[in-house]
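Grab a pencil and open the viewer. Below are some short exercises, each followed by a worked solution.

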Amino acid sequence: MSHGPATPLTAHASGPLTGEAHVPGDKSISHRSLILGAMAVGETRVTGLLEGQDVLDTGKAMQAFGATIRQDGDTWVINGVGVGGLMEPEDVIDCGNSGTGVRLLMGAAATHGFAVTYTGDASLRKRPMARVTDPLALFGAVAHGRSKGRLPMTIVGAADPVPARYATPVASAQIKSAVLLAGLNAPGETVVIEREATRDHSERMLRGFGAEIETRDTSEGREITLVGHPELKPQVIAVPRDPSSAAFPVCAALITPGSDVLVPNIGLNPTRAGLFETLRDMGADLTYENAREEGGEPVADLRARFSPDMRGIEVPPARAASMIDEYPVLSVVAANATGTTIMRGVAELRVKECDRIDAMATGLRACGVTVRDGDDWWEVDGRGPGGIEGGATVAVHLDHRIAMSFLCAGFAAKRAITVDDAGPIATSFPIFRPLMEDLGAEFRAEDA
Ligand code: S3P
């Protein structure tokens, strides 16, 4: 995405927040629907796709690789080229702000015998790519990037790939998925071993598309085995709503006096639902209503009510992967709780769209909150309900989740909070502002 001039936005003390919040489709599942749809033979139809910039950039990339993608009303229709059928793009693939997009695409194309050059925005160009190109080298792909494995980067795909066996050194669904997607066009069995379980949407969807893929727990961790050269069959996919987007209206309701918000149809895959468990452990009035199963994924309606009695806790580090994108907004809830919230085992937060520990710690401190942090941990001292002072402008560093977290903080702070740029919110939650306004939140756009 080429991001225009910064658009500051201010959130004021608001509320109560009430009503229903229909958040957009799941970002992770949306990316995978487009990529796997493009690698199947025939027509895949997707409803509920997140039409955020990250996903649109992945869609453009799949078109550049030869797939046909069009919109038919609410349905996205993808005509795929089949496993091994991706074509050499004529131009650089620009993944905008999306780490998921670029890393999954690198995997999918790495076992095709042509070169692809990838780039992205200023945030993505700072993020580590060797974590993906190292395992892709095992298939025979060769990467030429900037120093420290940064974008722009050209990957010369393997014309005659061999399958790989790879134990991921960090808990990352992006690395796992890149390897599995590369394995599709390699002969024999590709194996990924992860010490801690990460989101398993790729495995579920590959199985749904007809690939032979098995997961088993071993002493080394979770071992996933994919048999190469499947014929992927086109699917009809209903994308569930995104728990990572639901986190914002849920957390805003928990900290804003008088609130009672229903967030319907949220995917509660256990590899994604860690935040909601953590909030309940803190004493949040958060309930799952109408729990059911849809398209192989657990789904429920979330009801969040103002919770003035939340306590700080030590978040179990084993839960980190299942809530990795939710720590920024959790830290806002923690600031409104009583006592200290301790978050350990979260070094990955330092290499997301920005250094999320640093961005949140700096912004929270500017709003009067005490935060301590180290390489892979941070702690937030709660100031009790409504205790954030606010009255500050915070930098979001091209990171949608930092922007939304501080805007939610502003609804319950003593003085307004301004984010220096609300533009990045469009990557994952383009309707964030009107959705929150419908619930009763108050914003004011600032002159740039
Ligand atoms: C994602 C995986 C996570 C997450 C990202 C989406 C995915 O990254 O932070 O927003 O769709 O696979 P890591 O797997 O690298 O932790």
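**Exercise 1. A partly exposed glutamine**

Work out where Gln235 sits and what it touches.

Solution. Start with exposure: Gln235 has a relative accessible area of 23%, so it is partly exposed (buried means under 20% relative accessible area, exposed over 50%, partly exposed in between, with a 1.4 Å probe and protein chains only). Next, find its place: Gln235 lies in the loop between β13 (221–227) and β14 (236–238). Helices here are DSSP runs of H or I with at least four residues, strands are runs of E with at least two, and both are numbered from the N terminus. Now list the partners, skipping residues up to four places away in sequence: Gln235 touches Glu43, Thr44, Arg45, Gly208 and Phe209 (contact means heavy atoms within 4.5 Å). Finish with one of those pairs: Gln235 and Gly208 are 27 residues apart in sequence and 7.7 Å apart in space, C-alpha to C-alpha.

Before going on, some ground rules: this is a predicted model, where local features need pLDDT of at least 70, side-chain atom pairs count only at pLDDT 80 or more, and totals for chains, interfaces and linings use all residues. Residues are numbered from 1 along each chain as its sequence is written, and side-chain values use heavy atoms, with hydrogens and water left out.

**Exercise 2. A glycine in a loop**

Decide whether Gly120 is buried or exposed, and find its contacts.

Solution. Look first at the loop between β7 (115–119) and α4 (130–139), where Gly120 is found. Its relative accessible area is 6%, so Gly120 is buried. Then collect the contacts, leaving aside neighbours within four places in sequence: Asp94, Cys95, Gly96, Arg125 and Leu151. Take Gly96 from that list: 24 residues separate it from Gly120 in sequence, yet their C-alpha atoms are 4.3 Å apart.

**Exercise 3. The annotated active site**

Which residue does the UniProt "active site" annotation cover, and what surrounds that residue?

Solution. Begin with the record: the unreviewed UniProt entry puts "active site" on Asp325. The same kind of annotation, "domain: Enolpyruvate transferase", covers residues 14–433 in the unreviewed entry. UniProt positions are in the numbering used here, feature names are shortened, and annotations may be inferred rather than shown by experiment. Over residues 14–433 the chain is 29% helix and 27% strand, with the end C-alpha atoms 13 Å apart. Now zoom in: Asp325 is in the loop between β18 (314–315) and α9. With 13% relative accessibility, Asp325 counts as buried. Leaving aside neighbours within four places in sequence, its contacts are Arg199, Ser244, Lys352, Arg356 and Arg401.

**Exercise 4. Packing α10 on both partners**

Describe how α10 packs with α9 and with α11.

Solution. Take α9 (residues 327–335) first: it packs with α10 (residues 356–366) at about 30 degrees, the axes being 10 Å apart. Axes are lines fitted to C-alpha atoms, for helices over the stretch in contact, and angles run from 0 to 180 degrees between N-to-C directions. That makes α9 roughly parallel to α10 (under 35 degrees is roughly parallel, over 145 roughly antiparallel, 65 to 115 roughly perpendicular, and the rest oblique). Here Pro328, Ser331 and Val332 of α9 meet Arg356, Met360 and Leu364 of α10. The contact residues divide into 4 nonpolar, 1 polar and 1 charged (Ala, Val, Leu, Ile, Met, Phe, Trp, Tyr, Cys and Pro count as nonpolar, Asp, Glu, Lys and Arg as charged, and the others, Gly among them, as polar).

Move on to α11 (residues 400–411): α10 packs with it at about 25 degrees, with axes 10 Å apart. That makes α10 roughly parallel to α11. From α10 come Arg356, Ala359, Met360, Gly363 and Leu364, and they meet His400, Arg401, Ile402, Ser405 and Phe406 in α11. This contact divides into 5 nonpolar, 3 polar and 2 charged residues.

**Exercise 5. Backbone oddities**

Which peptide bonds are cis, and where does phi turn positive outside glycine?

Solution. Check omega first. A cis bond joins Gly15 and Pro16, with omega about 0 degrees, and Pro16 lies in the loop between β1 (9–12) and β2 (18–20). The bond from Leu151 to Pro152 is also cis, with omega near -5 degrees; Pro152 is in strand β9 (residues 150–156). Then check phi: Asn265 has a value near 60 degrees and is in strand β15 (residues 260–267). Phi of Asn290 is near 60 degrees too, and Asn290 is in strand β16 (residues 285–294).
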